[in-house]
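Reader: Please take a close look at how the helices pack against one another in this model. I am a first-year student, so go one step at a time.

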Amino acid sequence: MQDEIMLTPWRSYPFEDSDPFAFMDEEKWDFVLVSDIHQMGSAKEVKRKKFLDELSKKGFTIKKIEDKKLFYGVRAPKHFFRKYQWLLRNPDSRLQDLNAHQDIPVTTRIRIVNFILHNTVTPDLEKLRDLMKKNVFEAAFPLHEKEEVREFLKEKWARWRDLFCQQPIEKIRCYFGEKVALYFAWLGWYTYLLGFAAAVGLLVFVAGITVFNSSQVSKEICEANDTIMCPLCDQKCPFWLLADTCTYARVTHMIDNEGTVVFAMFMAIWATVFLELWKRQRAKVVTHWKLYGWDEDEEELAMELINNLQHEPRRYRHSYLRSTIVLLLVLLMIVVLIGIAHALVIYRVVATALFTQSGSEFFREQANLVAVMTGAVLHYMTIVIMTKVQTAAWDGRSDLPFSITNSLFLFYTSLLQINRRVALFLCDLEKPRTFSQRENNFTIKIFIFQFLTNFSSLIYIAFFLGRINGRPGNYVRIAGKWRLEEVRDLPQNPLTPYHNSYLAFPHCPARHHQIPAWPNSPSEFSLIPLQCHPSGCITDLFIQMAIIMMLKQTISNVMEYLVPWLAHKIRKRQRRPKKKHLVLGEEEEAEDPCKKQWLSNYQLNEVNIFSLFDEFLEMVIQYSFTTIFVAAFPLAPLLAFFNNLFEIRLDAIKMMRLRRRMVPRKANDIGIWLQVLEAIGILAVIGNGLVIAITSDFIPVQVYKYTYSPCMKQNTTAADCLTGYINHSLSVFHIKDFEPDTNLAEDIADLVKNGTAVCRYRDYRNHTDYSYTVQFWHVFAARLAFLILFEHVALCVKLIAAWYVPDVPLSVKNHLLDEKHNNLRKELSMMEYSTEV
């Protein structure tokens, strides 16, 4: 059954407001409101009528169509748009004579109508937002219509086949507004410059592969068949040979080499150049759009006055008490996120202990590797839970059919959006004056929370792993029980090699004595200890970043596309009308074209105020991964580059085919995100400097090479200068000094009675009282000096690059100067002409 009612006369609507791109036989409607069919006289029905009456008083034309829902098409009178053009002297206006007809872009029209709808107050002092919370209205959205621009974007932009094609930014602006167009312009520019960073990163990685077997450090580790390392756990764990980690050492050197330092410096410069070039690109674009000097506050005040001539602007306010409360709550949230990072560390400790006791031989033998990999996956799941999830999957209303697919979607969309909820709560406490101010405050808070959520585990691995666990005989323990970063790797026959034999002697290098044979089968040992390896900790950081980035760029993107696509298909199939069987002689009733159009738009996935924000946040977090710890993962720019090629088309398809039309917003920049990107650039310098100085083995190697190596002592270059580095970087521990709770194997315990057995561990400590050696302080001073030098040099280069590349091109400055000059000459000519007359 269909009921069509014109609540306001059709002829009151002027033809001049019609869309030039619309077909002549179709009606043009600015917005559609959707409501359930409520019982006559019910509270919801009364509230809906009051709101529609207020729109009618303002001159809106309203059309009602009844289906399973009530659809109200609304169209604003032309005087709203003339007031807008008059107040702002809108650059969209192409004629100077305001008494003549002037076209106004559809995006501007939708934006004005959206503002009026959301600021119309009923006699009960309720706005549209309040009515939607009370389910008086279910949805309010502008329409995707059969416009020439839309058809072009669907065919030439929102398709996978256009993966490597240039984006039509101007047409995106005409359809979605300047804010969306600037997002895609920024994303395209970011992806374009990522290509250069990806090429350099790939070159550095390939260069590392070429030296896979040529490092003197990895050679010494692979040949250390007589270097006995201390047990990695307390309860009947075996001693192990350093040579068993040969592959791990080679992989570490493939990542940790001189090219790492060069690439880290390159990325610091790249980040600065990227932002400076974007500022130039942005200036060109917004100048072409005549929005260079656009004032958002002025436009908002103008629309407030158009909606209500008696409106008084909200004053700027500041409360030190409120700011203090917000600051304390932010710090509390940061502490919670750090606690989650600590929980992941504890998980690795406990998981390793449990895996070694597993009934599966694989888990027992590869407990370390499984703990590291599952820890990375758990970190990714933490990111999903703490961050946003796709709110547009569907709304979960009762009219959707129950199915397994539905259940999975509902489970996915019911994950806690903890960071977002906390950030919104804090923004409400601050009581921002405008929507833009609220958006900026929210952006800063959510980025801080998301940054800590994504990077807490990486920060721990980079700067704390293996440095806070203590030393043999004095380990740091969790709850006084589990050794921090404990590893349990039990060989099949741990006691066999030790019968009637010594391990090593404290005053002689272990390699100078005959050591019994040790099983070398890779199946008997995990090659990746949770403690720092003698060749460095950077490989652990490499693994963690690789897993998180690959999961984020595969699973997240698949879900980001698959969930709304399936939701749209199910909604569309569920609402597909049944074919009507006609009686002989009966004519089929013509269906209103508006009904079909409104239903098809309603069946698309919902758009909310976070839709574009989520896309920006996703890319900014990716930018952080690409720049901050890139010294440990040179392939990060390459992964980001290929991801972005798909991300552009994925976002385009979602916006054009799977979602309702987004309300266009005017903008002349990407807003607060630019400041966030600049902050990330500074963090990238600090982060990469710390990775090289602390995580990497680059500094200890250089200290040994130029201070303690054979080249310095013997003044010769015949031998490799890094010869003996591994033995130099390992300290000696007496087995008899293990803690009383340490449960060594029985045959090993017999050796302790002799008081001569020792093992090795990574550190610079004396073998007598285990205090730090002079070498430790030399390495510490070198790390600090390098960090200061690297950061100062990188920051200076960033400042020079920022100064060298002007934010605004000279062509833009000269164009603006010419415009001002010409306008002043015209004003002067008009004044002289009026004086003569």
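Author: One term is needed before anything else. A crossing of two helices is called left-handed if the near helix is turned anticlockwise from the far one by less than a right angle, and right-handed if it is turned clockwise. Keep in mind throughout that the model is predicted.

Start with helix α5, residues 148-156, and helix α6, residues 169-176. Their axes are 10 Å apart, and the two helices pack at an angle of about 130 degrees. Angles over 145 degrees count as roughly antiparallel and those from 65 to 115 as roughly perpendicular, so α5 is described as oblique to α6. The crossing of this pair is left-handed. On the α5 side, Val149, Arg150, Phe152 and Leu153 make the contact, and on the α6 side Lys171, Ile172, Cys174 and Tyr175 do so. Sorted by class, these are six nonpolar residues, two charged residues and no polar ones. A general point helps in reading such lists: an α-helix has 3.6 residues a turn, so residues three or four places apart point the same way.

Now stay with α6 and turn to its other partner here, helix α7, residues 178-210. The axes of α6 and α7 are 7 Å apart, and the angle between the two helices is about 150 degrees. Because angles over 145 degrees count as roughly antiparallel, that is the term for α6 and α7. The crossing of α6 with α7 is right-handed, whereas that of α5 with α6 is left-handed. In this contact Ile169, Ile172, Arg173 and Phe176 of α6 meet Glu178, Val180, Ala181, Phe184 and Ala185 of α7. By class, the α6 and α7 contact has seven nonpolar and two charged residues, and again no polar ones. Ile172 deserves a second glance, since it takes part in the contact with α5 and also in the contact with α7.

A third pair can be read in the same way. Helix α20, residues 611-627, and helix α21, residues 636-658, have axes that come within 10 Å and cross at roughly 175 degrees. That makes α20 roughly antiparallel to α21. From α20, the residues in contact are Leu612, Glu615, Glu618, Met619, Gln622, Phe625 and Thr626; from α21, they are Ala636, Pro637, Ala640, Asn643, Asn644, Glu647, Asp651, Lys654 and Met655. Here the classes are seven nonpolar, four polar and five charged.

One residue of that contact can be followed further. Gln622 sits in α20 and is buried, at 5% relative accessible area. Leaving out residues up to four places away in sequence, Gln622 touches Ala640, Asn643 and Asn644, and also Tyr190, Leu194 and Gln553. The three partners just named at the start of that list belong to the α21 side of the contact.

Other helices add to the picture. Leu275 is in helix α10, residues 258-288, and is buried, with a relative accessible area of 5%. Beyond its neighbours within four places in sequence, Leu275 is in contact with Tyr623, Leu674, Leu677 and Glu678. Leu275 and Glu678 are 403 residues apart along the chain, yet their C-alpha atoms are separated by 7.5 Å. Helix α19, residues 593-602, is largely enclosed by the rest of the structure, because seven of its ten residues are buried. These are Cys594, Lys595, Gln597, Trp598, Leu599, Asn601 and Tyr602.

Finally, set these pieces in the whole chain. There are 28 helices and 13 strands, and 53% of the 837 residues count as buried. Of the contacts between residues at least 6 apart in sequence, 80% join residues at least 24 apart. The contact of Leu275 with Glu678 is one across 403 residues.

Definitions and conventions. Residues are numbered from 1 along each chain as its sequence is written. This is a predicted model: local features need pLDDT of at least 70, side-chain atom pairs count only at pLDDT 80 or more; totals for chains, interfaces and linings use all residues. Side-chain values use heavy atoms; hydrogens and water are left out. Axes are lines fitted to C-alpha atoms, for helices over the stretch in contact, and angles run from 0 to 180 degrees between N-to-C directions. Helices (H or I, at least four residues) and strands (E, at least two) are DSSP runs, numbered from the N terminus. Angles under 35 degrees count as roughly parallel, over 145 as roughly antiparallel, 65 to 115 as roughly perpendicular and the rest as oblique. Contact means heavy atoms within 4.5 Å. Ala, Val, Leu, Ile, Met, Phe, Trp, Tyr, Cys and Pro count as nonpolar, Asp, Glu, Lys and Arg as charged, and the others, Gly among them, as polar. Buried means under 20% relative accessible area, exposed over 50%, partly exposed in between (1.4 Å probe, protein chains only).
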